[in-house]
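I opened this entry to look up how the parts of the chain pack. Domains come before helices in these notes.

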Amino acid sequence: MTTTPSVGAVDLRHLVGGRWESGGAEPLVSANPARPEEIVAAGRGATAADVDRAVTAARRAARAWARTPMHERGAILIRAAAAALEAESGALGLELAREEGKTLAEGTGEVLRAAQILRYYGNEGDRVAGEVFASPRRGERILVTRKPLGVVGVITPFNFPIAIPAWKIAPALAYGNTVVWKPSGAVPLLAARLTEALVGAGLPDGVLNLLIGSGELGTAIVNHPGVDGITFTGSTTIGRRIAAAGAASGVPVQAEMGGKNAAVVLADADLDLAAEQVLFGAFRSTGQKCTATSRLILQDAVADDFLDRLRARLDDWIVGDPTDPAVHMGPVVSETARRDIRAGIDRSLAEGATLLIGGREVPETGHFVPATVLELPSDPVRAASNSAWTEEFFGPVLSVRRARDAATAFALVDESEFGLSAAVFTQDITRALDAVEDLDVGILHINSESAGADPHVPFGGAKKSGYGPKEQGAAAKEFFTHTTTVYLRGGSPA
Ligand code: UN1
């Protein structure tokens with residue numbers, strides 16, 4: 001094992017109206033989930049009064065920012081991508097792995113992904129920004145232009161400490177909004193790093209405000225009358241609460257919530273490819289992705305063969321310190337998460353599941369959970385209500401069911417209130433086309449894992465996985481702008 005370099009804890013600060021400030025609320029400590037005694041960053045949280053000051057600063061900056069040419073706004077995003085994130089991807093990736101617990105390779109990859117997102121939205125000024133319609137009246141044109149919402153509240157989770165903030169903040173800023181951002185208190189250091197990158201690239205004071213702290217800050221942002229839109233990624237419970245608050249106050253909400261994503265392996269699939277991809281989908285990032293594979297549906301004819309191949313791969317799956325390049329899977333983010341996931345596994349077993357893979361040794365210190373595969377009871381009623389089938393554990397846990405044929409397997413995929421993503425492994429184009437028709441999901445992978453997202457295409461779920469417009473690509477502008485329809489005529493008779 002390589003040892004983590006002993007870096008001193010970074011002093012956490014908040015950014016309000018262009019000034020970095022120490023917080024006045026409770027102590028805030030970000031620890032390494034692989035070595036909880038190692039403090040990555042520390043400081044004090046921001047207060048609800050800081051939210052008010054941040055919203056005021058964002059309001060004050062809003063008009064000038066909205067009037068800044070889109071290309072100038074974009075140039076700042078591109079500079080931040082190049083000068084900070086790409087140039088420092090290794091160092092930032094290491095900080096990310098130490099703070100969140102994903103592997104160094106995943107951490108560095110995530111920093112580069114954030115840079116790619118900043119570059120994508122940095123170039124948004126080059127793309128179509130509005131429409132011109134013919135008018136039924138002489139001498140008139142009808143234009144549809146897009147305008148920013150104003151001040152956007154951004155609330156982000158721990159699991160992608162820099163990529164998810166980038167894919168909310170980059171379009172928010174590119175389309176001319178100003179931002180008040182509350183990241184997860186578990187990953188404040190990477191939030192500070194993204195903010196520093198943007199400020200260092202020339203973002204004017206007040207355009208991006210960063211407040212780190214407890215969930216109360218999020219509530220204060222959601223309830224603040226000066227906020228014009230809220231974008232959130234996180235738990236279904238909180239997402240629904242925010243959506244309800246937004247509906248009550250007439251503020252648009254974009255909420256990206258839970259997933260209970262299924263992978264289907266049909267009898268004609270390439271089983272080695274499928275085993276590799278299911279492994280990645282279920283256990284990369286320690287299963288802490290809303291797009292992770294947490295349900296596996298195997299066609300009877302190949303179920304045992306597939307499970308043997310998955311078991312063989314998991315035999316070589318190394319769990320440990322994520323900064324060690326040999327390690328495949330790090331810890332989960334916190335002791336609470338570890339306890340909750342282990343309790344979920346126990347509940348599923350008590351409800352009749354069988355432990356197929358798991359219970360292997362993991363490091364004793366640190367918040368580790370072994371990669372776990374549970375087979376659910378063959379009785380469909382008991383299987384359908386098993387916790388591992390219905391609840392998002394947000395950890396490295398895969399629940400398995402068997403199906404007679406493709407149609408039965410696809411029906412099982414849809415047996416969920418969520419519909420974020422799904423993966424189908426088959427070489428039969430007819431079955432692949434059936435999956436496109438039948439599966440009620442926002443993202444469908446044919447012969448690749450359920451996780452992953454590209455910046456230029458829509459991201460988001462069907463059913464109860466998402467609320468409001470989708471994220472990324474051209475879809476993002478549906479949330480971050482509103483349209484003004486302009487009836488344009490000359491001032492003298494035609
Ligand atoms: C991915 O699958 O690479 O919270 C991204 C999440 C999602 C992002 C998934 N919003 O896990």
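I began with the two domains of this predicted model. The C-alpha centres of domain 1 and domain 2 lie 31 Å apart. I then checked the bounds. The domain assignment gives 10-257 + 465-484 for domain 1. Domain 2 takes 261-446. For the contact between them, I noted 23 residues from domain 1 and 25 residues from domain 2.

Next I looked up the interface area. About 1900 Å² is buried between domain 1 and domain 2. Carbon and sulfur atoms give 57% of that area.

Then I turned to helix packing.

H3 with H4. I took helix H3 as residues 89-100 and helix H4 as residues 104-122. The axes of H3 and H4 come within 7 Å and cross at roughly 125 degrees. An angle over 115 degrees but not over 145 falls outside the perpendicular and antiparallel ranges, so I logged H3 as oblique to H4. The crossing of H3 and H4 is right-handed. On the H3 side I listed Ser 89, Gly 90, Leu 92, Gly 93, Leu 94, Leu 96 and Ala 97. They meet Leu 104, Gly 107, Thr 108, Glu 110, Val 111 and Leu 112 in H4. By class, I noted 7 nonpolar, 5 polar and 1 charged residues in the contact of H3 with H4.

H3 with H6. Helix H6 covers residues 188-200. H3 and H6 pack at an angle of about 155 degrees, and their axes are 9 Å apart. That angle makes H3 roughly antiparallel to H6. From H3, the contact uses Leu 92, Glu 95, Leu 96 and Glu 99. From H6, I found Pro 188, Leu 189, Leu 190 and Arg 193. The contact of H3 with H6 divides into 5 nonpolar, no polar and 3 charged residues.

H4 with H5. Helix H5 runs over residues 163-174. The axes of H4 and H5 come within 9 Å and cross at roughly 15 degrees. H4 is therefore roughly parallel to H5. I recorded the crossing of H4 past H5 as right-handed. H4 contributes Glu 110, Arg 113, Ala 114, Ile 117, Leu 118 and Tyr 121 to the contact. H5 contributes Ala 163, Ala 166, Trp 167, Ala 170, Pro 171 and Ala 174. Which classes make up the contact of H4 with H5? I got 10 nonpolar, no polar and 2 charged residues.

One cross-check on shared residues. Leu 92 and Leu 96 of H3 appear in the contact with H4 and in the contact with H6. Glu 110 of H4 appears in the contact with H3 and in the contact with H5.

Definitions and conventions. Residues numbered from 1 in each chain as written. Predicted model: local features only at pLDDT ≥ 70, side-chain atom pairs only at ≥ 80, totals over all residues. Heavy atoms only, no water. Axes fitted to C-alpha atoms, helices over the stretch in contact; angles between N-to-C directions. Helix = DSSP H or I, 4+ residues; strand = E, 2+ residues; numbered from the N terminus. Parallel < 35°, antiparallel > 145°, perpendicular 65-115°, else oblique. Left-handed = near helix turned anticlockwise from the far one by under 90°. Contact = heavy atoms within 4.5 Å. Nonpolar A, V, L, I, M, F, W, Y, C, P; charged D, E, K, R; others polar. Domains from an automatic or database assignment. Buried area = accessible area lost by both parts, 1.4 Å probe.
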